[in-house]
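Subject: Structure handover

Hello,

I am passing on the structure we discussed. Please load it first and then read the notes underneath.

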Amino acid sequence: MLSLEGIKRHAAEIGFDLCGVAPCRHLEEDEQRFRAWLAQGCHASLGYLERHIEKRFDPRQLVEGARTAVVCAVNYRNRFSGIQSADQPAKIASYACARDYHDTLRSMLGELLACLRADVPELAGRAFVDTAPLSEKQLAVEAGLGWIGRQSLLVTPRYGTWVVLGELLLTEACDRYDTLLEGNGCGTCRRCVEECPTGALSDTRTVDTRRCISRHTVEREYGPRIDLHGWIFGCEACQSCCPYNRHTPGHALPAFDPLFDPTELDAEAWRTMSDETFAARFGTTPLARGGAERIRHNLSGTGRE
């Protein structure tokens, strides 16, 4: 049997800022809300969200015999998080200024799994970092890490929304599990809803991706035209105004150090940059996902049909 104390000790030693543990179960209510959201067309061109819905809300269908979900989080806040001004013509979400977090978290989760297997040799499991249909934010809620804010992001008491998540689905039970945080952490605050420049957020704690700047600048699928408000990769408008993000400490892991200063690159610098220079400077960051061509397209300031 797994030990909750042991899991958290290993996770902290590896460098995770938060770790919570929950039993694997069918998240039926969340699945119903998700299906209603899909029925409204709020997922826009993200057709992959329509697939494997049963697996997304029941981790036991992703890993045979899964009994325990370990949800880990790392604070990624850096000196550019939430500070880029409205009039900056080429804004980039601060997480994208560092090494791609998928690679970092995958390595850390692999190390954690090895530690747990050393404690429980018969343990089997699998690590996830956006690699499969898994409702990771809701699993984080189940594991007591935070709550879903009105901007649809996980909000944690200590680090606000400046966190990235990774999960282990394990075949052994744990001696005890974390509990959900009590209460509604957002209270009556609606700042994220009010500050979203495109009106993509609502009080239902969901996002209409048809209007979401982040989707329009990051995902491969283009959508109807919207004003990108100077963002060329991602968007932090709904995070910059969140009260829980005001006093979040900076990241601790060197892997999350910024590799470039987005405030030093204006629109012309991005527009005239060669593909070779782009690859050399940003090939290990999330910007590589869209490539130089996508960045140049986003500089037009709108999405496209």
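The notes below cover the aromatic ring pairs and then one strand with its neighbours.

Please keep in mind that this is a predicted model.

Aromatic pairs

The count of aromatic pairs comes to twelve. One of them joins Trp147 and Tyr244, whose ring centres are 5.0 Å apart with 70 degrees between the planes, an edge-to-face arrangement. The two residues belong to distant parts of the chain, 97 residues apart. Trp147 sits in strand S5 (residues 147-148), while Tyr244 lies in the loop between helix H8 (237-240) and helix H9 (267-272). Trp147 has a relative accessibility of 12%, which is under the 20% cut-off, so Trp147 counts as buried. Tyr244, at 31%, falls between the 20% and 50% limits and is therefore partly exposed.

A second edge-to-face pair is formed by Phe260 and Phe282, with centres 4.8 Å apart and planes at 75 degrees. That angle is over 60 degrees, which is why the pair is classed as edge-to-face. This pair also links distant parts of the chain: Phe260 is in the loop between H8 and H9, and Phe282 is in helix H10 (residues 275-282), 22 residues apart. Phe260 is buried, at 5% relative accessible area. Phe282 is buried as well, with a relative accessibility of 0%.

Ring pairs also connect Tyr76, Tyr95, Tyr101, Trp162 and Phe233 into a cluster.

Strand S2

Is strand S2 (residues 68-75) buried or exposed? Eight of its eight residues are buried, so S2 is largely enclosed by the rest of the structure. In a regular strand, side chains alternate between the two faces of the sheet. In S2, Thr68, Val70, Cys72 and Val74 point one way, and Ala69, Val71, Ala73 and Asn75 point the other way. The residues of both sets are buried.

Which strands pair with S2? Strand S1 (residues 18-23) does so in the antiparallel sense, over six bridges. Within that pairing, Ala22 has Ala69 of S2 as its bridge partner. Strand S7 (residues 163-170) also runs antiparallel to S2, and eight bridges join the two. Here Cys72 stands opposite Gly166 in S7.

Regards

Terms used. Residues numbered from 1 in each chain as written. Predicted model: local features only at pLDDT ≥ 70, side-chain atom pairs only at ≥ 80, totals over all residues. Heavy atoms only, no water. Phe/Tyr/Trp six-rings, centres within 6.5 Å; stacked < 30°, edge-to-face > 60°. Helix = DSSP H or I, 4+ residues; strand = E, 2+ residues; numbered from the N terminus. Buried < 20%, exposed > 50% of the residue type's maximum accessible area, 1.4 Å probe, protein only. Pairing = 2+ DSSP bridges.
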